[in-house]
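Trainee: Got a minute to walk through this one with me? I'd like to start with the helices and then jump around a bit.

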Amino acid sequence: MKRRKVQWLYLLGSNAYLKGFLNGKIFKGVSKHICVPGLQCYSCPGALGACPIGALQAVMGSMKFQVSFYVSGLLVLFGTIFGRVVCGYLCPFGLIQDLMYQIKSKKYKLPKYLRTVKYMILIYFVILIPTLFASRIGIGDPGFCKYICPSGTLFGALPLLLKNQGLRTALGGLFIWKLAVLAGILLSSIFVYRSFCQTLCPLGLIYGWFNRVSILGLKVDTEKCNHCGRCQPVCKLGLDPQVDLTSIECIQCGECEKECKQGAIKRGIR
């Protein structure tokens, strides 16, 4: 419940520009130049900040094809402090997936090889498309935002379409594709825990690289752990908390911490 409260507070706080939802216009204040930790769509009418993946693509896809040291630095900062705690607590789309998973149904575990797909998403859609495929004026396509990102469709496109007749008349095949991607991810999230995080999210992958060195996170007290194995069945990602708390895949949700009767798994400064 504590995690759920943090997720809701972050979602509401980072999308607090209520006027944007009412008039169908994107907030353009000073804070919009600042990247927030989670997968927060820039085009969401209520968003007060920018998505680091979107900002990274925007700079790489500019006419100068630059590398944004500002955005890269923020990713390193967020990763070094939090690791994938961001995924477990601060990602709006992560919350949506958690809510979908609560729908009663038979649950499944994904084959581990599907987790490698997010590496290809990062390389091709986030890096190569913005830098290699430019328009006539020299501006690259934001591949991930344009073709995949379900958070952008849910929090950005749909609210804007509700309030803008002009946008609705301009809908085409690309929007149908993005809507199908969103629907597929939401549907799969009912049966597979965080299907998007496991297979497609490049931001979670980046933060996962910092799990081993992040300042905050879950840790195992080896003196208290009696290797009872109670923590492993509760991990919805199919990990073994005794050895995988610093793996790329662990989103630091804390389910294993609640299950541990020995108090061997704790959250804090590592």
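Mentor: Sure, here is a chat about a predicted model.

Trainee: What span does α9 reach, from its first C-alpha to its last?

Mentor: It reaches 20 Å over 14 residues, 150–163, close to the 20 Å expected at 1.5 Å a residue.

Trainee: And where is the kink in α9?

Mentor: At A157, shortly before the proline P159, and the kink is about 30°.

Trainee: Which residues of α9 are buried?

Mentor: P150, S151, G152, T153, F155, G156, P159, L160 and L161.

Trainee: What do those buried residues pack against?

Mentor: Several helices: α1 (2–14), α2 (18–23), α6 (92–101), α10 (165–169), α11 (173–191) and α12 (195–199).

Trainee: Now the core. How many residues are in the largest nonpolar one?

Mentor: That core has 62 residues, and L39, I53, F93, F144 and F196 have the most contacts inside it. The elements giving two or more residues to this core are α1, α3 (52–60), α4 (69–82), α5 (85–90), α6, α7 (117–132), α11 and α13 (202–208). As a general point, nonpolar side chains tend to be buried together in soluble globular proteins.

Trainee: Take L39. What does L39 touch, not counting residues up to four places away in sequence?

Mentor: The list is C51, I53, C91, P92, F144, C149, S151, F196 and L203. S151 is one of the buried residues of α9, while I53, F144 and F196 are on the list with the most contacts inside the core.

Trainee: Cysteines keep coming up. How many disulfides does the structure hold?

Mentor: Zero. The sulfur of C44 has its closest cysteine sulfur in C41, and at 6.8 Å that is too far for a bond. C231 is in no disulfide either, with the nearest cysteine sulfur, in C256, 6.2 Å away.

Trainee: Are C44 and C231 buried or exposed?

Mentor: C44 counts as buried at 1% relative accessibility, and C231 counts as buried at 7%.

Trainee: On to rings. How many aromatic pairs are there?

Mentor: The count comes to four. In one of them, Y17 and F27 have ring centres 4.8 Å apart and planes at 50°, so the pair is tilted. Y17 is in the loop between α1 and α2 and F27 in the loop between α2 and α3, so the pair ties together parts ten residues apart in sequence.

Trainee: How do Y17 and F27 count for burial?

Mentor: Y17 counts as partly exposed at 24% relative accessibility, whereas F27 counts as buried at 17%, because the cut-off for buried is under 20%.

Trainee: What about F93 and F196, what sort of pair do they form?

Mentor: An edge-to-face one, 5.5 Å centre to centre with 85° between the planes. F93 lies in helix α6 and F196 in helix α12, so this pair ties together parts 103 residues apart in sequence. F93 and F196 are buried.

Trainee: Backbone next. What is odd about phi in H227?

Mentor: Phi of H227 is positive, about 55°, although H227 is not a glycine. H227 sits in the loop between β1 (216–220) and α14 (231–234), and is exposed with a relative accessible area of 59%.

Trainee: And Q252, where is that and what is its phi?

Mentor: Q252 is in the loop between α15 and α16, with a positive phi near 60°. Q252 is buried, with a relative accessible area of 0%.

Trainee: Last one: what is S247 in contact with, leaving aside its neighbours within four places in sequence?

Mentor: G208, N211 and L239. S247 lies in the loop between α15 (241–244) and α16 (255–259), and counts as buried at 15% relative accessibility.

How values were computed
Residues are numbered from 1 along each chain as its sequence is written. This is a predicted model: local features need pLDDT of at least 70, side-chain atom pairs count only at pLDDT 80 or more; totals for chains, interfaces and linings use all residues. Side-chain values use heavy atoms; hydrogens and water are left out. Helices (H or I, at least four residues) and strands (E, at least two) are DSSP runs, numbered from the N terminus. The expected span of a helix is 1.5 Å times one less than its number of residues. The bend at a residue is the angle between axes fitted to the seven residues ending there and the seven starting there. Buried means under 20% relative accessible area, exposed over 50%, partly exposed in between (1.4 Å probe, protein chains only). Contact means heavy atoms within 4.5 Å. A disulfide is a pair of cysteine sulfur atoms within 2.5 Å. A nonpolar core is a set of buried Ala, Val, Leu, Ile, Met, Phe, Trp, Tyr and Cys residues joined through side-chain atoms within 4.5 Å. Rings of Phe, Tyr and Trp (its six-membered ring) pair if their centres lie within 6.5 Å; planes under 30 degrees apart count as stacked, over 60 as edge-to-face and the rest as tilted.
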